[in-house]
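Please open the model in a viewer and keep the sequence panel visible beside it. The tour proceeds by selection, one element or residue at a time.

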Amino acid sequence: MTEEVLIGGYTRRIGKGIYRGTLSPETATITDIKPYITLDNASYLAISKQQILYTVVKEGEQGGIAAYDISGTTPVYLNAVLAAGAPPAYVAVDETRQLVYAANYHKGEILVYAIQNDGHLVLANTVQHTGHGPRPEQASAHVHYTDLTPDNRLAVCDLGTDELTTYTIADNGDLTKTATYHSEPGFGTRHLVFHPNHQVAYLLGELSSEVTVLNYDANTGEFTAVETYSMLPDDWHEANGGAAIRISQDGQFLYASNRGYNSIVVYRISDDGRQLTAIQQMSTDGEFPRDFNLSANDQFLFAVNQNSDNGTLYHRDAQTGLLTPCQKGLETPEGVCVLFR
């Protein structure tokens, strides 16, 4: 059975916004990658169960989140909630409360939107982060991730303050700070994924190019560090930035992307989820892989390279977790987000 793949991207050079292609498992190829929705700065995407696409968008001097009904053959624009300044960097859907969360990196804000009956969005809440870290990239708060924990709290990564904050969420979108985990200074807290056991999470540091294994206590909402692992080989000493992080559905393998070393690092996960062993560094055959994702059954991994405008499809071995390229040189103009549907 084929899968649809959506690719969100910037529109600074040649990108048109959101592209759509088709993954065919039988031929191990992605075909017919074409513009799907033309809009500026579609840098992150999320889809609700009602088949509403929520996308980051920029309109003139304003930025925000736009909603499109993609249940039919042609996407239908619903609305956009915009504010002056830079747009967000992340968007996620809360099906239980019918909320959407966004992370505004440049403003250091958490944004909460209420989903209306027809999928439209209305701004419900804004929470401002403050603070800074030791590195030049950390002069102020930079919220980079806003998504749910397994017990339906909100986990927020702030690259500027090296913090991972847990919030309790009210049905109307009000947030109450529950706990804060502090990474090592200069870690650059960026993205987070949870193990299927719900007791362990993996925190990616953009600035340090590291992954920290965390214990998660659902009773308190607190994270505590177990161990930190490098994303790079020992002989790499040039610039690099960690980007995306994903986990296989069976909880046996973890994947993260390097921008600079331009690779996907593959880790084997111990049975309890608390130890990682790096088993592969797979080139993305391009420059600056900001995002990648796993197909619905984890059979394939698709990575897009922002600066070289190309994508690579890999077959993933379910037993070993290792990646093998099966299609290179796919045109993905300014691609920075991959979403299988």
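Begin by selecting strand β24 and displaying its side chains: Asp291 and Asn293 point one way, Phe292 and Leu294 point the other way, and all are buried. In a regular strand, side chains alternate between the two faces of the sheet. Please bear in mind throughout that this is a predicted model.

**The partner of β24**

Add strand β25 (residues 300-305) to the selection; β24 and β25 pair in the antiparallel sense over four bridges. Within this pairing, asparagine 293 stands opposite phenylalanine 302 of β25. The two strands form a hairpin with five residues between them, and in the turn aspartate 298 has a positive phi of about 65°.

**A second hairpin**

Next select strand β16 (residues 189-194). Six of its six residues are buried, so the strand is largely enclosed by the rest of the structure. Five bridges join β16 to the antiparallel strand β17 (residues 200-205); in one of the pairs, phenylalanine 194 has alanine 201 of β17 as its bridge partner. β16 and β17 also form a hairpin with five residues between them, and here the turn residue with a positive phi of about 65° is histidine 198.

**The largest pocket**

Which strands each supply at least two residues of the lining of the largest pocket? Select β4 (45-47), β8 (90-94), β12, β16, β20 (241-247), β24 (291-294) and β28 (335-340) to display them together. The pocket has a volume of about 1100 Å³. It is lined by 36 residues, of which Tyr90, Asp147, Val193, Arg246 and Asn293 are the closest to its centre. Asn293 is also the residue that stands opposite phenylalanine 302.

**The cavity**

Now turn to enclosed space. Rolling a probe the size of a water molecule over the atoms shows where empty space is left. The count comes to one cavity of 30 Å³ or more, and the largest cavity has a volume of about 40 Å³. To locate this cavity, select its lining residues: Tyr44, Ala89, His144, Arg190, His191, Arg290, Asp291 and Val336.

**Histidine 142**

Move to histidine 142, in the loop between β11 (121-128) and β12 (143-148). Is this residue buried or exposed? Histidine 142 counts as buried because its relative accessibility is 9%, below the 20% cut-off. Its side chain reaches the backbone oxygen of tyrosine 105 at 2.8 Å. Beyond its neighbours within four places in sequence, histidine 142 is in contact with Tyr105, His106, Gly108, Glu137, Cys157, Asp158, Leu159 and Gly160.

**The cysteines**

From that contact list, select cysteine 157, which counts as buried at 0% relative accessibility. A search of the whole structure finds zero disulfides. For cysteine 157, the nearest cysteine sulfur belongs to cysteine 337 and is 16 Å away. Then select cysteine 326, which is partly exposed with a relative accessible area of 30%. The closest cysteine sulfur to that of cysteine 326 is again in cysteine 337, at 20 Å, and therefore too far for a bond.

**Glutamate 61**

Finish at glutamate 61, in the loop between β5 (52-59) and β6 (62-69). This residue is exposed, with a relative accessible area of 68%. Not counting residues up to four places away in sequence, glutamate 61 touches Ala83, Ala84 and Gly85. A distance drawn between the C-alpha atoms of glutamate 61 and alanine 83 should read 8.5 Å, for residues 22 apart along the chain.

Conventions:
Residues numbered from 1 in each chain as written. Predicted model: local features only at pLDDT ≥ 70, side-chain atom pairs only at ≥ 80, totals over all residues. Heavy atoms only, no water. Buried < 20%, exposed > 50% of the residue type's maximum accessible area, 1.4 Å probe, protein only. Polar contact = N/O pair within 3.5 Å; in protein donor to acceptor, adjacent residues only side chain to side chain. Contact = heavy atoms within 4.5 Å. Disulfide = S-S within 2.5 Å. Pairing = 2+ DSSP bridges. 1 Å grid on protein atoms, 1.4 Å probe; cavity = no way out; pocket = protein on both sides within 12 Å on 5 of 7 lines; lining within 4 Å. Points joined across faces, edges and corners; volume = space filled by probe spheres on them.
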